[in-house]
Every structure is written in structure tokens, then in C-alpha cells.
Amino acid sequence: MPRPAKLSRETIVRAAMEILDREGERGFSMRKLAADLGVDPMALYHHFANRRALLHEVLETMMAECPVPPPGKDWREDLRNMCNGLRDLARRHPGTFRAYELYDEWLSAEHRLREAVLATLRRAGFPPRRAVQAARLLLTYAEAFAVDEISGWMEPFDAAERAAFEASLPARACPVTAELAEEIGAVDPDADFDFALDTLIRGLESSLR
């Protein structure tokens with residue numbers, strides 16, 4: 001067998017991200033990572049003390065890919081761009097993004113994105129407390145929507161799914177839901193994301209006035 005390429009921290013991180021995106025955190029292990037790289041598992045521990053240390057760097061690397069564009073002329077468009085960038089990041093790295101959502105330590109790259117959102121809101125004229133509340137609202141919405149999307153919850157119903165949805169409704173207890181079942185199943189993730197994000201930003205703009 002050919003000798004494996006020389007290991008580096010970057011090579012290990014990228015290979016770990018590929019496994020996470022392919023199989024999710026439950027399917028990830030140091031042993032599986034070593035097999036993908038063609039090395040003995042102990043070789044990984046020359047670069048990372050343990051699985052958690054590796055995961056931390058994987059998540060830092062992923063979050064560093066989230067685009068933070070320079071300030072533009074319109075603060076509303078800047079916020080839209082950053083929220084869309086976070087959603088696009090989740091779609092590029094679905095398994096790694098879900099691991100990020102469950103992670104309980106702060107990341108430097110996470111602060112980079114939050115700083116950009118807060119700075120945009122402060123430049124727009126939001127007072128300190130309202131800027132913090134607005135940033136929390138926007139980032140929570142973008143992250144939650146992205147997780148639902150990459151988890152498969154934002155897919156349109158097929159015939160079987162619509163039938164199962166309608167069958168699950170309590171008899172005569174949800175007449176409006178039953179009436180709108182077709183609309184509920186006609187999911188358009190892009191349109192839904194933009195609608196809610198525009199509604200949030202218009203609400204923030206109104207509160208600023």
C-alpha cells in the first residue's frame with residue numbers, strides 16, 4: 001500500500017469535517033477518521049489531545065468560512081447578507097453545522113460574526129441594549145431555520161407525507177389547519193427564509209424610527 005501523505009492539523013481538520021458532513025456527529029470517531037486518512041489512530045493524538053480538541057478546531061474552521069462582508073451603504077442589506085451567509089454555511093456543511101449547534105463552548109470565529117452584526121446595528125443607530133436584542137433575534141432565527149432546513153423539515157410534502165399530516169390532525173379540532181394543508185405542505189425554503197427575514201428587519205427598522 002502507498003504510504004499515507006504526511007499528516008498536518010489542516011489535513012486532519014478537513015477530513016474530520018468531511019466525515020461530519022457525511023455521517024453526522026454520531027457517525028464520527030477518531031478511529032473512523034484515522035481509517036479515512038490511512039493512519040494509525042494514535043497518529044491523530046500527536047496533533048490533537050483528544051476528540052473534543054479536534055472538534056473545537058473543526059468548528060472554528062467551519063465558522064471562519066462564514067462570510068462577513070465589509071460594511072455597505074444599507075445596514076438592512078448588510079444584515080440580510082450575513083444571515084444568508086450563515087444559512088449557506090449550514091447547507092455547505094450540514095453535519096458540522098449541527099455539531100456546532102450542540103457545542104457548548106464559545107468560538108473565536110463565532111464572535112467574529114456576532115461582532116459584525118452588532119457593529120452593523122450600532123452604525124444604524126440602535127442603542128446598546130436594542131442592538132444586542134436585535135443581533136440575538138437575527139442570529140437565532142438564521143441558525144434555527146438552517147438547522148430545520150438541513151434536517152429535512154423544510155422539504156415540500158409528497159402525497160404520502162400530506163396524507164400522513166392530514167391523518168394526524170385531531171378530528172374537527174383543527175379546521176383552519178386542515179383547510180390550509182396544501183399551503184402548509186408547499187414549502188419554498190428560499191421564499192420562507194426571505195419572508196421572515198424581511199419581516200424581522202422591517203420590524204427593527206420600525207423600532208429604530
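**Helix packing, the largest pocket and selected residues in a predicted model**

Serine 29 is found in the loop between helix H1 (9-23) and helix H2 (30-37). The model is predicted, so local features need pLDDT of at least 70, side-chain atom pairs count only at pLDDT 80 or more, and totals for chains, interfaces and linings use all residues. Residues are numbered from 1 along each chain as its sequence is written, and side-chain values use heavy atoms, with hydrogens and water left out. Helices (H or I, at least four residues) are DSSP runs, numbered from the N terminus. Serine 29 is partly exposed, with a relative accessible area of 27%. Here buried means under 20% relative accessible area, exposed means over 50%, and partly exposed lies in between (1.4 Å probe, protein chains only). Serine 29 and phenylalanine 165 are 136 residues apart in sequence. Their C-alpha atoms are 37 Å apart in space.

Helix H8 (128-150) has 23 residues. At 1.5 Å a residue it should span 33 Å, and its end C-alpha atoms are 33 Å apart, which agrees. The expected span is 1.5 Å times one less than the number of residues. The buried residues of H8 are Ala131, Ala134, Ala135, Leu138, Leu139, Tyr141, Ala142, Glu143, Phe145, Ala146, Val147 and Glu149. They pack against H5, H6, H7 and H12. Contact is taken as heavy atoms within 4.5 Å. Glutamine 133 is also found in H8, but this residue is partly exposed, with a relative accessible area of 36%. Its C-alpha atom is separated by 9.6 Å from that of leucine 118, 15 residues away along the chain. Just after H8, glycine 152 takes a positive phi of about 95°.

Helix H12 (residues 189-208) has 20 residues. The expected span is 28 Å at 1.5 Å a residue, and the end C-alpha atoms are 29 Å apart, which agrees. In H12, Pro189, Phe193, Leu197, Ile201 and Leu204 are buried. These residues cover an arc of only 75° around the axis, which puts them on the same side of H12. The arc is that of the directions from the helix axis to the C-beta atoms. An α-helix has 3.6 residues a turn, so residues three or four places apart point the same way. The cover over the buried residues of H12 includes helix H5 (75-92) and H8. Serine 207 is found in H12 as well. It is partly exposed, with a relative accessible area of 37%. Not counting residues up to four places away in sequence, serine 207 touches Phe126 and Arg130. Serine 207 and alanine 146 are 61 residues apart in sequence and 26 Å apart in space, C-alpha to C-alpha.

The largest pocket holds about 210 Å³ of space. On a 1 Å grid over the protein atoms alone, a pocket is an open set of points where a 1.4 Å probe fits, with protein on both sides within 12 Å along at least five of seven lines; lining residues have an atom within 4 Å of a point. Grid points are joined across faces, edges and corners, and the volume is the space filled by probe spheres set on the points. The lining comprises Tyr100, Glu101, Tyr103, Glu105, Trp106, Glu110, Arg114, Arg136, Leu139, Thr140, Glu143 and Ala144. Helix H6 (94-102), helix H7 (108-124) and H8 each supply at least two residues. H8 gives the most, with five. The lining divides into five nonpolar, one polar and six charged residues. Ala, Val, Leu, Ile, Met, Phe, Trp, Tyr, Cys and Pro count as nonpolar, Asp, Glu, Lys and Arg as charged, and the others, Gly among them, as polar.

Threonine 120 is found in H7 and counts as buried at 3% relative accessibility. Not counting residues up to four places away in sequence, it touches Trp75, Asp78, Leu79 and Met82. Arginine 92 lies in H5. At 42% relative accessibility, arginine 92 counts as partly exposed. With the same sequence exclusion of up to four places, arginine 92 touches Asp21 and Glu65.

Arginine 172 is found in the loop between helix H9 (159-168) and helix H10 (175-179). It is exposed, with a relative accessible area of 81%. Its phi is positive, about 60°, although it is not a glycine. Most residues other than glycine have a negative phi.
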